[in-house]
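Student: Could we go through the salt bridges in this one, and how each label is earned?

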Amino acid sequence: MTKPTNPKTFHVKSFGCQMNVYDGERMAELMAAQGLTATDDANAADLVVLNTCHIREKATEKVYSDIGRLRKHGKDPMIAVAGCVAQAEGVEIAHRAKVDIVVGPQAYHNLPDLVAKASRGELGLDTDMPVLSKFGALPARRKVGPTAFLTVQEGCDKFCTYCVVPYTRGAEISRQWDALVDEAKALVDAGAKEITLLGQNVNAWSDGDRDLGALIRELDRIPGLARIRYTTSHPNDMTDGLIAAHRDVEKLMPFLHLPVQAGNDRILKAMNRSHSRDSYLRILDRVRTARPDIALSGDFIVGFPGETEAEFADTLSLIDEVGYAQAFSFKYSPRPGTPAADMDGQIAPEVMDDRLQRLQAALNRDQAAFNAASVGRTCQVLIERRGKLPGQMLGKSPWLQSIHLITDAQVGDLVEVEIVSAGPNSLAGIERVRVAA
Ligand code: SF4
């Protein structure tokens with residue numbers, strides 16, 4: 001089979017974080033605007049974009065095996081590697097895997113040019129980081145589901161010692177106020193009822209004197225927008241204005257994902273988190289005072305180099321103290337080029353396995369308790385999709401719980417629901433009232 005030039009069909013496969021999902025959607029819109037047709041089947045596509053994530057271990061190897069699979073089962077498509085692996089590996093990945101295009105997360109607006117270059121038999125390579133130009137070069141949002149992402153901020157200046165993001169996504173930048181308000185309005189016109197503001201450090205967003213709280217207050221004024229969320233945050237960027245927005249803005253959902261990573265100060269310092277256990281807990285106190293029903297989520301890393309059993313126990317006790325509604329947890333994995341990868345005291349895999357199991361047992365216990373405590377509560381659910389059973393629809397509570405119910409409500413409807421039973425990962429509800437959107 002010959003490799004397609006001037007591809008007619010495309011498939012975008014995104015890995016990793018929500019920002020990659022957003023980037024994947026924007027790349028798909030960009031290719032559709034060029035007249036290409038999207039296909040759900042990667043093996044049938046002329047152009048496959050692998051939008052990669054570099055956070056987890058063996059990320060690069062996974063990309064190579066994906067490329068191998070595509071070559072074996074697909075039609076020898078034009079392959080573009082995008083995302084953080086593309087940024088980290090650069091031309092190396094083109095040489096090793098013989099892909100046609102390598103495009104970093106700040107350069108994907110140039111994808112049409114890179115496809116044209118690849119169609120001429122040249123390598124399409126762009127890993128530059130001229131961040132702001134990207135957004136201006138992307139097509140307008142036309143059709144989205146009831147929930148949509150909106151990237152407001154990219155990059156990170158925090159340099160946690162285990163993390164590749166500052167190297168792959170570059171320095172912290174904030175998109176401009178007007179562009180964001182316009183894009184949010186366009187998303188609502190295109191069908192969004194809920195917008196999740198995205199950023200590697202979303203709460204570091206600022207526009208002169210205005211912080212993320214001010215932006216949320218502005219978005220609150222958009223008719224037809226019912227819900228606002230934001231992720232992912234850094235504790236040190238929880239400004240007074242943002243905490244006050246949790247108190248005042250009804251559309252801002254009572255849910256906060258605030259990563260802490262560890263509960264021991266020596267480990268937090270070695271991670272260069274620039275907050276302590278106590279300062280993190282004090283921020284949570286302030287947020288809970290502003291919005292007493294807020295549900296909390298966090299990220300945890302077990303087995304950071306040098307972590308002792310007693311230091312790990314501090315993380316468990318932090319979890320007990322906070323009571324998370326949900327959380328993400330990982331074993332530490334050394335990322336090449338990060339300071340922690342060269343630290344002494346790398347933890348044995350079996351010790352990490354054991355710690356992760358104990359940590360997840362605590363988190364699962366708290367999530368199940370949070371869900372169980374929701375039974376009997378009445379809340380609004382935004383219907384996001386059909387369930388597997390006849391008449392069953394799935395949606396999310398304000399606290400980001402998955403709710404299923406039997407209803408004739410449609411995708412995008414807001415329904416007042418009484419929660420009648422709870423499992424560890426989802427809840428069942430009964431419709432009480434249909435809410436006018
Ligand atoms: S705050 Fe730390 S963990 Fe988060 S993106 Fe920045 S360096 Fe990575």
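Tutor: Sure, let's take the pairs one by one.

Tutor: Bear in mind that this is a predicted model, where local features need pLDDT of at least 70, side-chain atom pairs count only at pLDDT 80 or more, and totals for chains, interfaces and linings use all residues. Residues are numbered from 1 along each chain as its sequence is written, and side-chain values use heavy atoms, with hydrogens and water left out.

Student: Why is the contact between Arg-266 and Glu-311 called a salt bridge?

Tutor: The term means a side-chain nitrogen of Lys or Arg within 4 Å of a carboxyl oxygen of Asp or Glu. Here N to O is 2.6 Å, so the pair qualifies. By this rule the count comes to 32 salt bridges.

Student: What makes Glu-311 buried or exposed?

Tutor: Buried means under 20% relative accessible area, exposed over 50%, partly exposed in between (1.4 Å probe, protein chains only). Glu-311 has 10%, so Glu-311 is buried. Arg-266 has 43%, so Arg-266 is partly exposed.

Student: And how do you know that Arg-355 and Glu-309 form a salt bridge?

Tutor: Their closest N and O atoms are 3.7 Å apart, so they pass the cut-off. Arg-355 sits in helix α14 (residues 349-374) and Glu-309 in helix α13, so the pair ties together parts 46 residues apart in sequence. Helices here are DSSP runs (H or I, at least four residues), numbered from the N terminus.

Student: Why is Arg-355 called buried?

Tutor: Arg-355 has a relative accessible area of 6%, so the label fits. Glu-309, at 39%, is partly exposed.

Terms used: Helices (H or I, at least four residues) and strands (E, at least two) are DSSP runs, numbered from the N terminus.
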